[in-house]
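Please open the model in your viewer and keep the sequence panel beside it. The tour goes from one selection to the next and says what is found at each stop.

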Amino acid sequence: EGADLEGDVQPSALRRLEELILEAKRRITRAAPEALQGQVPASVAFLAAQHPYLAAVDASRSRLYWFANRTGADGKLKLELLRETYVSVGINGVGKVKEGDGKTPTGVYFIQKNLPGATLPDLFGAGALTLNYPNAVDAMHNKTGSGIWLHGTPSAQYSRAPEATDGCVVLSNPEIEHLLHLPGWRMTPVIIAEKLEWITAGQTPALYTQFKPRLDQWIADRQSTDTDKLKAYYSERFERDTLDLQHWWPKLAQALSMQRKTKPLEVISVLHWDDDDDTMVVTLSDPNFKDSRQPVFLRTYWQREAGQWKLVFEGPP
């Protein structure tokens with residue numbers, strides 16, 4: 001009789017009701033897949049055929065988009081949207097800084113391992129794809145935490161609230177199972193953003209147009225093994241395994257001076273991330289080692305300093 005409904009509801013039940021309403025809103029207001037035809041995430045500058053897929057997470061819409069790479073010989077980016085699905089992110093949203101903050105990291109990451117559900121606790125559902133958080137730039141910013149995965153839901157649940165995880169990106173079990181069974185998922189780039197920006201497919205991002213000549217010149221100069229010339233590409237902020245350029249340069253210079261390469265490095269992917277700095281994430285392969293059992297890859301992170309792109313990290317993926 002005129003009682004306040006909220007006063008009769010347990011806080012946990014009220015919170016669950018709010019979560020269900022938000023989940024329903026996110027599902028109803030999602031962009032139709034047809035509306036994304038001819039659109040690609042603005043963070044993707046280049047993707048060679050060696051990367052069969054690309055994934056992108058929009059936390060504001062609780063969506064994960066999984067694309068097949070259909071880029072042709074002309075190098076113009078063309079992606080086909082294979083799947084788009086509802087996901088849950090950190091209970092405190094995105095922008096992870098430290099372990100235990102209940103947030104999902106934002107940035108450019110890459111899939112490393114496939115973990116079947118049978119090898120994991122029920123919390124992870126049908127299985128998981130692990131990500132390389134913290135990446136090199138995260139480490140430079142002293143971000144902590146680990147075990148950031150794309151994974152399924154416990155057997156008693158079909159999905160989780162939009163913001164309900166410890167920091168992982170959580171999909172329904174049928175969706176993660178489908179991704180686990182795709183061939184060639186390893187090293188798939190995964191963009192995680194609070195809100196994704198989109199551009200028209202085939203449109204070259206302006207920042208990549210500025211960056212590409214610098215990248216091409218660096219690749220060409222590596223062929224010369226002129227270590228003095230090459231050192232100019234490296235930032236004084238260079239960091240790898242918490243050690244600075246002063247520690248790494250003798251090792252890098254020695255490796256470069258000993259190289260007698262017949263073929264230059266090949267660019268596999270270029271992705272842009274704008275956080276505190278403009279960052280280009282470039283993955284390359286060395287065609288001189290194609291006869292080995294595993295291709296040899298190199299990952300580099302570039303940032304602008306006084307208008308010039310500089311290497312802040314170079315190392316294995």
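The stops below cover a sheet, a pocket, a helix and a cavity, and the model they are taken from is a predicted one.

**The sheet.** Begin by selecting the five strands that form an open sheet in the order β2-β16-β17-β18-β19, where the pairing is antiparallel. At its edges you will find β2, residues 44-47, and β19, residues 308-315; each of these has a single partner strand, so one side of each is left without a neighbour in the sheet. If you follow the sheet across, the twist from one strand to the next averages 20°.

Now narrow the selection to β17, residues 278-285, and β18, residues 297-305, which run antiparallel and are joined by seven bridges. Within this pair, show the side chains of L284 and of L298 in β18, since these two residues stand opposite each other.

**The largest pocket.** Next select A42, S43, E197, H272 and D274, which are the closest to the centre of the largest pocket among the 21 residues that line it. The space in this pocket is about 410 Å³. Two or more lining residues come from each of β2, α4 (206-224) and β16 (266-274), and β16 has the largest share, with three. Colouring the lining by residue class should give 13 nonpolar, four polar and four charged residues.

**The helix α4.** From the pocket, move to α4, which gives two or more residues to that lining, and centre the view on K212, where the helix bends by about 30° and where a proline, P213, follows within four residues. The buried residues of α4 are L207, Y208, F211, R214, L215, W218, I219, D221 and R222, a list worth displaying as side chains. After the helix comes T225, which has a positive phi near 55°.

**The largest cavity.** Finally, turn to the enclosed spaces, of which three have a volume of 30 Å³ or more. Which residues lie nearest the centre of the largest cavity? Select G107, N135, V137, D138 and W273, which have that position among the 14 residues of the lining. The volume of this cavity is about 110 Å³. Its lining takes two or more residues from each of β7 (107-116), α2 (136-140) and β17, with β7 giving the most, three residues. By class, the residues around the largest cavity are six nonpolar, five polar and three charged.

Notes: Residues are numbered from 1 along each chain as its sequence is written. This is a predicted model: local features need pLDDT of at least 70, side-chain atom pairs count only at pLDDT 80 or more; totals for chains, interfaces and linings use all residues. Side-chain values use heavy atoms; hydrogens and water are left out. Two strands pair if DSSP finds at least two bridges between them. Axes are lines fitted to C-alpha atoms, for helices over the stretch in contact, and angles run from 0 to 180 degrees between N-to-C directions. On a 1 Å grid over the protein atoms alone, a cavity is a set of points where a 1.4 Å probe fits but cannot get out, and a pocket is an open set with protein on both sides within 12 Å along at least five of seven lines; lining residues have an atom within 4 Å of a point. Grid points are joined across faces, edges and corners, and a volume is the space filled by probe spheres set on the points. Ala, Val, Leu, Ile, Met, Phe, Trp, Tyr, Cys and Pro count as nonpolar, Asp, Glu, Lys and Arg as charged, and the others, Gly among them, as polar. The bend at a residue is the angle between axes fitted to the seven residues ending there and the seven starting there. Buried means under 20% relative accessible area, exposed over 50%, partly exposed in between (1.4 Å probe, protein chains only).
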